[in-house]
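Reader: I am in my first year and would like a close look at a single part of this model, with its surroundings explained slowly. Please choose a starting place and work outwards from there.

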Amino acid sequence: MRKGRPVPLGEVLGELLRRPAIRRGLKKGRVLALWPRVVGPELARLTRPFRLTGGTLWVAVRDHLLAHQLTYQRGLLLARYAHELGAGTVREIRFVVAPDLRPEPPRREPPHEPPPPLDPAAEGWLLQTIRPLPEGLRRPALGLGRAVLGALAAAPRCPVCRGPSPEGGPCPSCRMRMALPAVAREAERLLAGAPPRLEGDLLAAARYRAEAQARARLEALAPRAAAEPDRVPELLDAALALLRVRLGREPSPADLEDLPPAVAGLLRRHLGDRS
Amino acid sequence: MRLVRFAQRGFRNLAEGELVLAPGLTAVVGPNAAGKTNLLEALYLATGGEVRGPLADRVAFGAREAWLLVEVEAAAGRFRVETRIGPEGRRVWLNRAPVGLKELASVPGAVWLRPEDLFVVKGPPEERRRFLDALIARFSPRYRALLAAYERTLRQRNAALKEGGRAIAAWDERLAAYGAEILTFRRRVLARLAPLADELHRALALGGLDLRPVETAAPERLLEKLRERLPEELERGVTLSGPHRDDLAILLEGRDAVRFASRGEARTVALVLRLAEHRLLERHHQDAPLLLLDDVVAELDGARQRALLAYVGGLPQAVVTATEPPPGVERRVELAAGTWRVRAGA
């Protein structure tokens with residue numbers, strides 16, 4: 001893999017999920033998330049688990065009384081954790097008094113719309129990626145994956161290299177490539193129908209530049225050609241240059257079929273005149 | 001232009017040796033004080049570049065002189081440039097014949113980007129004048145001569161001012177004549193540099209960049225202005241109008257970069273000015289100079305770093321220094337304690 005190129009997020013995600021630090025973080029998240037189920041909804045409102053160090057879970061409690069009571073239930077709570085996560089994940093629970101801990105308001109699920117479905121390839125890839133994850137993690141990972149991949153698919157992309165382009169339009173790297181004299185020369189060559197000399201990203205930048213140039217020329221010529229019929233051949237030349245860049249080869253009559261018949265006819269005749 | 005071979009002896013901390021430089025982008029990688037900047041400076045001097053500060057400082061401790069050799073393939077042919085830096089200054093041989101520095105003007109040479117370029121944007125007007133003057137002198141020996149003549153006349157006129165202004169009219173006319181020609185040169189070059197800088201800045205940072213001369217007097221009004229301000233000048237003993245008091249306005253989206261640009265923006269502008277210089281020289285010679293980037297990559301954010309590397313990667317030849325290998329650059333020269341080792345990448 002070449003450095004500095006965009007990497008599919010899925011690859012990064014899969015790799016991340018295998019890292020020890022991330023695994024620890026995930027474990028912590030699960031332990032904290034399970035707390036309401038372990039302690040029961042009423043007590044969960046008055047307590048808040050906040051840290052997992054080694055096998056010790058730290059829980060903030062509003063007052064001494066509650067902390068005292070809860071220490072008697074420690075064995076029960078640990079047994080429930082062992083039941084949920086297997087023995088050893090949580091080996092000890094400590095209660096810390098935090099007077100400003102407010103009872104958490106009963107939680108209401110925020111209404112949210114399901115994100116638009118991913119395209120089948122991405123969905124299939126995602127399902128494949130999350131398969132090695134432990135049972136309980138797959139659903140949240142699937143949700144996360146869908147959200148991230150969905151956002152990524154919707155994010156603007158660079159029209160030249162297909163990489164991310166936060167501002168829309170060509171990304172800074174492609175803009176800089178287009179500013180290169182060699183790329184400018186290549187764009188001129190492509191417009192003239194000469195075979196490319198560059199390759200890879202530089203050629204892509206030259207193509208984009210050539211296309212933009214051809215389109216700009218066409219747009220500038222169109223109103224003038226409408227007023228001065230003498231300039232119509234120039235307009236047709238510009239149109240052929242645009243086609244040439246788009247196709248990456250000399251346009252043939254067959255390439256004109258999608259165009260309105262009148263335009264195609266004109267261009268076809270112009271092609272014939274030139275050859 | 002392509003630098004094919006470089007060899008040196010007695011330049012700063014560099015170990016005697018030879019370097020064969022491939023076309024395309026090469027990274028010079030090494031820890032601090034390994035000699036990265038020295039290597040770039042040696043390449044710059046060897047291709048005809050001019051630096052500030054005494055040249056004798058460039059000679060290694062204990063050595064009598066520094067010797068630099070480059071072989072370049074330019075559009076105009078193959079050149080062998082030999083430079084000796086010693087107590088009596090700098091002597092240059094082009095294809096084994098002794099020449100003056102200005103005869104190297106036929107070789108595109110090198111453009112050197114370094115962190116100090118920031119002062120062109122953030123420093124006093126003198127820095128901007130110096131940037132512009134050095135650039136114009138690169139393609140016009142006439143301009144170089146004009147600057148020297150103007151400088152000399154200015155000193156004489158200032159001396160005359162201090163002595164009460166006797167025979168000042170004679171100096172006025174000569175100063176105005178040299179000055180007007182300098183101003184015309186600056187306007188002309190700036191008119192060609194500005195669109196290039198604007199295009200590059202738009203590519204790198206999206207916003208537009210405008211360069212405009214700020215003149216104490218227009219070329220055709222210089223003489224008039226000198227006469228007009230004479231009383232004040234007599235009082236202060238210095239000449240107050242002319243190219244030596246002018247500035248270059250750098251406008252970022254219409255706002256003065258000297259005053260308003262953040263450090264990051266100023267760095268980008270400084271970089272863009274040098275890249276524009278490179279492109280102007282390429283246009284002039286129909287051949288791209290060697291581009292040397294000293295430590296500038298590390299100062300940019302990720303996207304601009306990639307953009308800059310994408311740009312220099314597309315040039316015929318460029319060298320970039322860094323403490324860590326920059327991403328995506330395969331050819332590397334590793335430098336440690338002045339000794340280089342070439343590592344061809346995968």
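Author: A strand here is a DSSP run of E of at least two residues, and strands are numbered from the N terminus. With that in hand, and remembering that what you see is a predicted model, we can begin at Leu251(B), which sits in strand 10 of chain B.

The reasoning about burial needs one cut-off, namely that a residue is called buried when its relative accessible area is under 20%. Leu251(B) has a relative accessible area of 14%, and therefore it counts as buried. Its neighbours include residues from another stretch of the chain: leaving aside residues up to four places away in sequence, Leu251(B) touches Gly208(B), Leu209(B), Asp210(B), Arg212(B) and Asp256(B). You can see the folding back of the chain in a pair of numbers, since Leu251(B) and Leu211(B) are separated by 40 residues in sequence, while their C-alpha atoms are 6.3 Å apart in space.

Strand 10, which spans residues 247–252 of chain B, is also one of the elements that cover the buried residues of helix 3 of chain B. The others named in that covering include helix 2 (118–122), helix 4 (141–162), helix 5 (168–205), helix 8 (257–260) and helix 9 (263–285) of chain B. Beneath this cover, the buried residues of helix 3 are Glu127(B), Arg128(B), Arg129(B), Phe131(B), Leu132(B), Asp133(B), Leu135(B), Ile136(B), Ala137(B) and Phe139(B). The length of helix 3 can be checked as well: it runs over residues 125–139, and because each residue is allotted 1.5 Å, its 15 residues should span 21 Å, which agrees with the 22 Å between its end C-alpha atoms.

Helix 9 of chain B, one of the covering elements just named, allows a similar check. Helix 9 has 23 residues and reaches 33 Å from its first C-alpha to its last, close to the 33 Å expected at 1.5 Å a residue. Of those 23 residues, 17 are buried, so helix 9 of chain B is largely enclosed by the rest of the structure. After helix 9 comes Gln286(B), whose phi is positive, near 60 degrees.

That last detail deserves a pause. Most residues other than glycine have a negative phi. Chain B offers further cases to set beside Gln286(B), and one of them is Ala167(B), which is not a glycine and yet has a positive phi of about 55 degrees. Ala167(B) belongs to the loop between helix 4 and helix 5 of chain B, which are both among the elements covering helix 3. The residue itself is exposed, because its relative accessible area is 59% and the cut-off for that word is over 50%. Another case is Ala33(B), again a residue other than glycine, with a positive phi near 65 degrees. Ala33(B) lies in the loop that joins strand 3 (24–29) to helix 1 (36–46) of chain B, and because its relative accessibility is 75%, it counts as exposed.

A loop residue may also be buried, as a third alanine shows. Ala217(B) is found in the loop between strand 9 (209–214) and helix 6 (222–228) of chain B, and at 5% relative accessibility it counts as buried. Apart from residues up to four places away in sequence, Ala217(B) touches Leu183(B), Leu222(B) and Lys225(B). Here too a stretch of sequence is bridged in space, since the C-alpha atoms of Ala217(B) and Gly179(B) are separated by 9.7 Å although the two residues are 38 residues apart along the chain.

Looking back, we set out from Leu251(B), a buried residue in strand 10 of chain B. That strand led us to helix 3 of chain B, whose buried residues it helps to cover, and on to helix 9, which is largely enclosed. The loops brought in both kinds of setting, with Ala33(B) exposed and Ala217(B) buried.

Notes
Residues are numbered from 1 along each chain as its sequence is written. Chains are lettered from A and ligands numbered from 1 in the order in which they are written. This is a predicted model: local features need pLDDT of at least 70, side-chain atom pairs count only at pLDDT 80 or more; totals for chains, interfaces and linings use all residues. Side-chain values use heavy atoms; hydrogens and water are left out. Helices (H or I, at least four residues) and strands (E, at least two) are DSSP runs, numbered from the N terminus. The expected span of a helix is 1.5 Å times one less than its number of residues. Buried means under 20% relative accessible area, exposed over 50%, partly exposed in between (1.4 Å probe, protein chains only). Contact means heavy atoms within 4.5 Å.
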